[in-house]
Amino acid sequence: MKMKMSFRWYGKDDPVSLQYISQIPGMHSVVSAVYDVKPGEVWSEEALLNIKNECLSHGLVFDVVESIPVHEDIKLGRNNADRLIDVYCENIRRCAKYGVKCITYNFMPVFDWTRTQLDKKAPDGSTSLVMYMDQLKNLNPLEDDIHLPGWDASYTQSQVRGLIGAYEKLGQEGLWENLTVFLKRVIPVAEECGVKMAIHPDDPPYQIFGLPRIITCEENIDRFLSIVDSKSNCLCLCTGSLGCAGSNDIVAMVNKYSKAGRIAFMHIRNVKLMEDGSFEERAHLSMCGSLDICEIVRVLAMNKYDGYVRPDHGRMIWGEQGRPGYGLYDRALGATYLNGLFEAFEKKYN
Ligand code: CS2
Ligand code: MN
């Protein structure tokens, strides 16, 4: 197949083994990272070589990194941003040296993805991640000690407060400026090493806890892509993240950016959107949520998409227990469903 199917693996501590991943039909790439190093530090070559070799021993290729996190001081444009960007560039070079072709990152202040509940039970007994607006109203990171798996747990409550204050001062335009500084330094290095940088959209794609968020909609993504007009400055287009704002037309966005050759990585998952903006993560099939996954894959195949694809978050099913969103079974079902759609549409548009 043209597109390359991939699966996220959290390394040796991941309850989902590389062997299990290799047993999913059609699996090509492993999406991983050196997870035990703090943002702003250099990744050891030994760690990269180990991931590469372990994947190879299971017939898989380690060619996608998710993520090299961007240090908050880069996003805030603080004094040591320059030095931290040097470290970032060094990590890109090292990843490339061990075969990585695509690097995912995000530019979300303080928190990565945000949900209000990680184990919401559906009538069929499966559980999934949800965001309910009436629960969100009661969440206040300035007052409560809340932790989510997507968040950096190393911050103390008072550090989180300080960061939130700093971002409020910075505002959206300040964040755009710091993103511009970052891209102008990082993209030329990625070009040199043959790597595509793929920014993950903000999840959810709107302001939360008063923090600025900018990778949220078509207008802003156009702006992002024009900052450095390069085939190494790409998107990790996450359908479930962008899709939880009803105003985003995901099929149109996937069509536009894949036609332009600016999608390096597709995260595909479905969400069910509610009237008040709440959403539930659902199984990958179109019929299970608000997104037309079939149509999304059709436009990718029509545009001869040859980048990476992975089933994003899955539900917990069949009694599995594990990392929220990252169990084996439902993501494997998602991969299989997506492989079927891609096989059919790639054949059609061949
Ligand atoms: C991922 C993100 O689990 C997820 O939702 O899609 O955490 C993603 O890895 C980061 O935002 C990319 O930097
Ligand atoms: Mn995603």
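## A tour from the hairpin to helix H10

Begin by selecting strand S5 (residues 117-121) together with S6, which pair in the antiparallel sense over 3 bridges; strands here, like helices, are DSSP runs (H or I of at least four residues for helices, E of at least two for strands), numbered from the N terminus, and two strands pair if DSSP finds at least two bridges between them. The model is a predicted one, in which local features need pLDDT of at least 70 and side-chain atom pairs count only at pLDDT 80 or more, while totals for chains, interfaces and linings use all residues. Residues are numbered from 1 along each chain as its sequence is written, and chains are lettered from A and ligands numbered from 1 in the order in which they are written.

Within this pair, Lys120 has Ser128 in S6 as its bridge partner. S5 and S6 form a hairpin with 5 residues between them, and in the turn Gly125 has a positive phi of about 90°.

Now select S6 alone, residues 127-131, where 4 of the 5 residues are buried, a residue being buried if 20 or more other C-beta atoms, placed from the backbone, lie within 10 Å of its own, exposed if 12 or fewer, and partly exposed in between. S6 is also joined by 2 bridges to strand S11 (residues 279-282), and these two run antiparallel; the bridge partner of Val130 in S11 is Glu280.

Adding S10 to the selection shows the whole open sheet, whose 4 strands follow the order S5-S6-S11-S10 with antiparallel pairing. The edge strands, each pairing on one side only, are S5 and strand S10 (270-273). Neighbouring strands of this sheet are turned by 40° against each other on average, direction ignored, with axes taken as lines fitted to C-alpha atoms, for helices over the stretch in contact, and angles running from 0 to 180 degrees between N-to-C directions. S10 and S11 run antiparallel and are joined by 4 bridges, and Asn270 has Arg282 in S11 as its bridge partner.

Turn next to the barrel, which 8 strands close in the order S1-S2-S3-S4-S7-S8-S9-S12, with parallel pairing. One place to zoom in is strand S8 (residues 233-238) with strand S9 (residues 263-268), which pair in the parallel sense over 4 bridges; there Leu235 stands opposite Ile263 in S9. Helix H6 (residues 157-193) lies across strand S7 (196-200) and S8, running at about 140° to S7; contact here requires C-beta atoms, placed from the backbone, to lie within 7 Å.

Finish with helix H10 (residues 293-302), of whose 10 residues 7 are buried: Ile293, Ile296, Val297, Arg298, Val299, Leu300 and Ala301. These buried residues pack against helix H8 (239-242), helix H9 (250-259), S9, S10 and H11.

Select helix H11 (residues 329-348) as well: its axis and that of H10 come within 9 Å and cross at roughly 45°. That angle makes H10 oblique to H11, since angles under 35 degrees count as roughly parallel, over 145 as roughly antiparallel, 65 to 115 as roughly perpendicular and the rest as oblique. At this contact, Cys294, Val297, Arg298 and Ala301 in H10 meet Leu338, Leu341, Phe342, Phe345 and Glu346 in H11. Just beyond, H10 is followed by Lys304, whose phi is positive, near 55°.

Technical notes
Two residues are in contact if their C-beta atoms, placed from the backbone, lie within 7 Å.
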